[in-house]
Every structure is written in structure tokens, then in C-alpha cells.
Amino acid sequence: MQKEILSFETIVGLQVKDESVYAEYRNAMKGLLEQYEGGFRYDFKIAETLKSETENPINRVFLIYFKTKEKKLSFFADPEYKKIREKYFIPSVECTTQIAEYDRYIN
């Protein structure tokens with residue numbers, strides 16, 4: 001019996017340096033994200049990191065999902081997303097760490 005893929009998910013850690021501009025980024029990209037069948041399942045503000053495989057500081061961790069990996073790649077390649085990223089993400093985030101990426105299956 002073959003399992004059905006529910007979504008393609010990525011866990012990301014960020015060091016957000018400007019919370020208000022980052023909130024504008026999230027708001028600006030929300031509609032486009034939904035067009036690509038994406039969204040956020042979890043979102044955390046982190047006060048302390050106990051163990052990390054990167055030198056990058058992390059104060060925000062989230063899980064972003066898309067219906068497929070292809071939808072994720074298309075979203076991040078979209079010219080409208082790139083404009084939003086340049087305007088809001090770049091000035092608000094110091095560094096990014098991809099923690100994990102995987103297919104989520106229906107049980």
C-alpha cells in the first residue's frame with residue numbers, strides 16, 4: 001500500500017532583527033503563499049537555544065508547508081514574492097537556517 005503525501009514541509013530557524021518589518025513581510029506574502037497552496041503549521045519565538053548545529057543565532061522557528069515541493073520552488077521563484085522578500089524580509093532578518101525538509105504523509 002502506497003502512502004499519500006499530504007504536504008511538503010520545511011522547518012526554518014531565523015534570527016529576526018526587526019519584528020515589526022518581519023510582521024509586514026508575513027502579512028504581505030500571505031495571499032501569495034495561499035495561492036501556491038502553502039501556509040504555516042507552527043511558528044515560535046525562541047528565547048534560548050540549548051543545542052544547534054549552526055553558528056547562526058536563532059530567535060524564531062517555524063514550519064512552512066506546500067502541497068508539493070514543486071509548489072514551494074515556484075512560490076520562492078515568483079517575481080512578486082521576490083519583491084516582497086526584498087522589501088521586508090531582507091531588512092528584517094539577520095540570518096536563516098534550514099533545519100529540516102520532508103514529505104508529510106497521510107496515516
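Tutor: Let's begin with a rule: two strands pair if DSSP finds at least two bridges between them. Strands themselves are DSSP runs of E with at least two residues, helices are runs of H or I with at least four, and both are numbered from the N terminus. This is a predicted model, in which local features need pLDDT of at least 70 and side-chain atom pairs count only at pLDDT 80 or more, while totals for chains, interfaces and linings use all residues. Residues are numbered from 1 along each chain as its sequence is written, and side-chain values use heavy atoms, without hydrogens and water.

Student: What makes β2 and β3 a pair?

Tutor: Seven bridges link β2 to β3 (residues 60-66) in the antiparallel sense, and the rule asks for at least two, so they pair. One bridge to look for joins Phe 44 to Val 61 in β3.

Student: How do you know that β1 pairs with β4?

Tutor: There are 11 antiparallel bridges between β1 and β4, so the requirement of at least two is met. Glu 9, for example, has Tyr 102 in β4 as its bridge partner. β1 is also joined to β3, by seven antiparallel bridges, and there Leu 14 is partnered by Arg 60.

Student: In which order do the four strands form the open sheet?

Tutor: The order is β2-β3-β1-β4, with antiparallel pairing. β2 (38-45) and β4 (93-105) are the edge strands, as each pairs on one side only.

Student: What packs on the sheet?

Tutor: Helix α1 (residues 19-35) does, touching β1 (5-16), β2, β3 and β4; contact here means heavy atoms within 4.5 Å. The direction of α1 makes about 160° with that of β2. Such angles run from 0 to 180 degrees between N-to-C directions, using lines fitted to C-alpha atoms, for helices over the stretch in contact. Helix α3 (residues 79-92) lies across β1 and β4, at about 110° to β4.

Student: Why is Thr 10 called buried?

Tutor: Buried means under 20% relative accessible area, exposed over 50%, and partly exposed in between (1.4 Å probe, protein chains only). Thr 10 has 3%, so it is buried. Thr 10 sits in strand β1, where nine of the 12 residues are buried, so the strand is largely enclosed by the rest of the structure.

Student: What makes the link between the side chains of Thr 10 and Glu 101 a polar contact?

Tutor: A polar contact is a pair of N or O atoms within 3.5 Å; within protein, one must be able to donate a hydrogen and the other to accept it, and residues adjacent in sequence count only if both atoms are side-chain atoms. The two side chains make theirs at 3.2 Å, so the distance fits the limit.

Student: Why is the protein called as compact as a globular protein of its length?

Tutor: The radius of gyration is taken over C-alpha atoms, and the globule rule is 2.2 Å times the number of residues to the power 0.38. For 107 residues the rule gives 13 Å, and the protein has 15 Å, which is close, so the description holds.
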